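Trainee: Got a minute? I'd like to walk through this structure with you.
Mentor: Sure, pull it up.

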Amino acid sequence: MSFVSNMAEIGTDINFARQLLREGKLVGIPTETVYGLAGNALNAEAVTAIFETKRRPSFDPLIVHVGDLVQAKAYSSYFPEELMALAEVFWPGPLTVLLPKTEAIPDLVTSGLDTVAVRIPSHPLTRELLLGLDFPLAAPSANPFGYISPTRASHVQDQLGNTIPYILDGGDCSVGLESTIVGVEHGQVIIYRLGGIPVSAIEQLVGPVLILPQSSSNPKSPGMLKNHYSPRTPVILGELEVLVADFRLKGEPFGILSFNKRFPDVPDSHQVVLSPSGDFGEAARNLFSGMRLLDKADVSVILAEELPEKDLGKAINDRLRRAAAK
Ligand code: TXA
Ligand code: MG
């Protein structure tokens, strides 16, 4: 039971979550990537509520989550072999594939596009939730449009708690970055959003891929706007030592988001070290919670550095650049 009436209840009751979803209500759900704001993808009212709750423009399509491959096939008229090769290896997991959609998926979900983004998440709670439903779940990240994605239940509560009845608590997200979005055109595999599956892992299976710059000018991914994933505090990317020296001189309070270096003269509450050992997976897991922490700290700017451009470093850098874009 929640004691404050305008907050969501947080718990692990899958049956209760299912009941709410069957009634067309929205539920915060854990996935291995980030938390989602889920509703029945086949129910136009639930889908409309998702857009309204997030204050998301209707031109930005939603990802449809299913429990298994049978369901994934049911909502696509055709499953290209290149994408099947990836799905067989990376599902359940942080991979989203773009497939030609069937009539069953409302146009509202895909913002009128003839493709639908489909994913089987691996988080055990949500997997079980999905396998017991006879409809798929549309679920964008459970944050207000443009803000940092949530990686724990309390992040969802903080921002959307007064608009939804329930958040399924699955602990901290084990990946911490959104899914990698992949499509295929004329036999060419295209990555539309860098994410939890590294590019190199995808290329090992299907050969060289094309990475399309994600912006509002990319009609395939209308929602991948440049200034996504942004804290309210301005983010500046560069050489940390130089930036820190600069802001010390200015006498402005700053926060630091570093890959693996700690700054001994900066209070711990004003710095986040993503991975002291320089591990990309750990850095990814800590990225969004670190940004949130610094956004709440009493600083007027967040100074950050890019990671090496390999492995998950590519996707992390993508998020950092978007956060820094204004
Ligand atoms: O990891 C994830 O993918 C998380 C969890 C909750 O599954 N979801 C997520 O959803 O990141 P969202 O709505 O925050 O981002 C989905 C992205 C949007 O940028 C949207 O433009 C793109 O997927 N998208 C959805 N359907 C598409 C389509 N048919 N064609 C191209 N892009 C699409
Ligand atoms: Mg999002």
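**Overall fold**

Mentor: The secondary structure of this chain comes to 11 helices and 15 strands. Keep in mind that this is a predicted model.

Trainee: How compact is the chain for its length?

Mentor: The radius of gyration is 20 Å, close to the 20 Å that the globule rule gives for 326 residues, so the chain is as compact as a globular protein of that length. Along the principal axes, the C-alpha atoms fill a box of roughly 60 × 55 × 35 Å.

Trainee: And what share of the residues is buried?

Mentor: Buried residues make up 58% of the 326.

Trainee: Let's do aromatics. How many aromatic pairs are there?

Mentor: A search of the whole structure finds three. Take Phe-16 and Tyr-166. Their ring centres are 4.9 Å apart and their planes stand at 75°, so that pair is edge-to-face.

Trainee: Why does 75° make it edge-to-face?

Mentor: Because planes over 60 degrees apart count as edge-to-face, and this pair is at 75°.

Trainee: Where do the two residues sit in the chain?

Mentor: In distant parts of it. Phe-16 is in helix H1, residues 14-22, and Tyr-166 is in strand E8, residues 166-168. That puts them 150 residues apart.

Trainee: Is Tyr-166 buried or exposed?

Mentor: Tyr-166 is buried, with a relative accessible area of 1%. Phe-16 is partly exposed, at 24%.

Trainee: Give me another pair. What about Phe-79 and Trp-91?

Mentor: Edge-to-face too: 6.2 Å centre to centre, with 80° between the planes. Phe-79 is in the loop between helix H3 (69-74) and helix H4 (81-90). Trp-91 is in the loop between H4 and strand E5 (95-100). They are 12 residues apart.

Trainee: Buried or exposed, those two?

Mentor: Both Phe-79 and Trp-91 are buried. Stay at Trp-91 for a moment. A cis peptide bond joins Trp-91 to Pro-92, with omega about -10°.

Trainee: Where does Pro-92 lie?

Mentor: In the loop between H4 and E5.

Trainee: Switching to charges. Which residue lies over the face of Tyr-147?

Mentor: Arg-232, at 4.4 Å from the ring centre. There is also Lys-250, whose charged end sits over the ring of Phe-247, 4.2 Å from its centre.

Trainee: Now backbone oddities. What stands out about phi at Arg-55?

Mentor: Phi is positive there, about 50°, although Arg-55 is not a glycine. Look for Arg-55 in the loop between helix H2 (44-54) and strand E4 (63-65). Arg-55 is exposed, with a relative accessible area of 61%.

Trainee: And Asp-311, what is its phi?

Mentor: Positive, about 50°, and Asp-311 is not a glycine either. Asp-311 is found in the loop between strand E15 (301-304) and helix H11 (313-324). At 40% relative accessibility, Asp-311 counts as partly exposed.

Trainee: How many cavities does the structure hold?

Mentor: Two of 30 Å³ or more. The second largest has a volume of about 40 Å³. Asp-311 turns up again here, as one of its lining residues.

Trainee: What else lines the second largest cavity?

Mentor: The lining includes Thr-180, Leu-194, Gly-195, Ile-197, Pro-198 and Val-199. Leu-312, Lys-314 and Ala-315 line it too. By type, the lining divides into six nonpolar, two polar and two charged residues.

Trainee: Back to prolines. Where is Pro-106?

Mentor: In the loop between E5 and helix H5 (107-110). At 18% relative accessibility, Pro-106 counts as buried. The cut-off is under 20%.

Trainee: How far is Pro-106 from Asn-43?

Mentor: They are 63 residues apart in sequence and 8.0 Å apart in space, C-alpha to C-alpha.

Trainee: Last one. Is His-228 buried or exposed?

Mentor: His-228 is buried, with a relative accessible area of 12%. Its place is the loop between strand E11 (210-211) and strand E12 (235-237).

Trainee: And how far is His-228 from Gln-19?

Mentor: In space, 32 Å, C-alpha to C-alpha. In sequence, His-228 and Gln-19 are 209 residues apart.

Terms used
Residues numbered from 1 in each chain as written. Chains lettered and ligands numbered in written order. Predicted model: local features only at pLDDT ≥ 70, side-chain atom pairs only at ≥ 80, totals over all residues. Heavy atoms only, no water. Phe/Tyr/Trp six-rings, centres within 6.5 Å; stacked < 30°, edge-to-face > 60°. Helix = DSSP H or I, 4+ residues; strand = E, 2+ residues; numbered from the N terminus. Buried < 20%, exposed > 50% of the residue type's maximum accessible area, 1.4 Å probe, protein only. Lys NZ or Arg CZ within 6 Å of the ring centre and 35° of its normal. 1 Å grid on protein atoms, 1.4 Å probe; cavity = no way out; pocket = protein on both sides within 12 Å on 5 of 7 lines; lining within 4 Å. Points joined across faces, edges and corners; volume = space filled by probe spheres on them. Nonpolar A, V, L, I, M, F, W, Y, C, P; charged D, E, K, R; others polar. Rg over C-alpha atoms; globule rule 2.2 N^0.38 Å.
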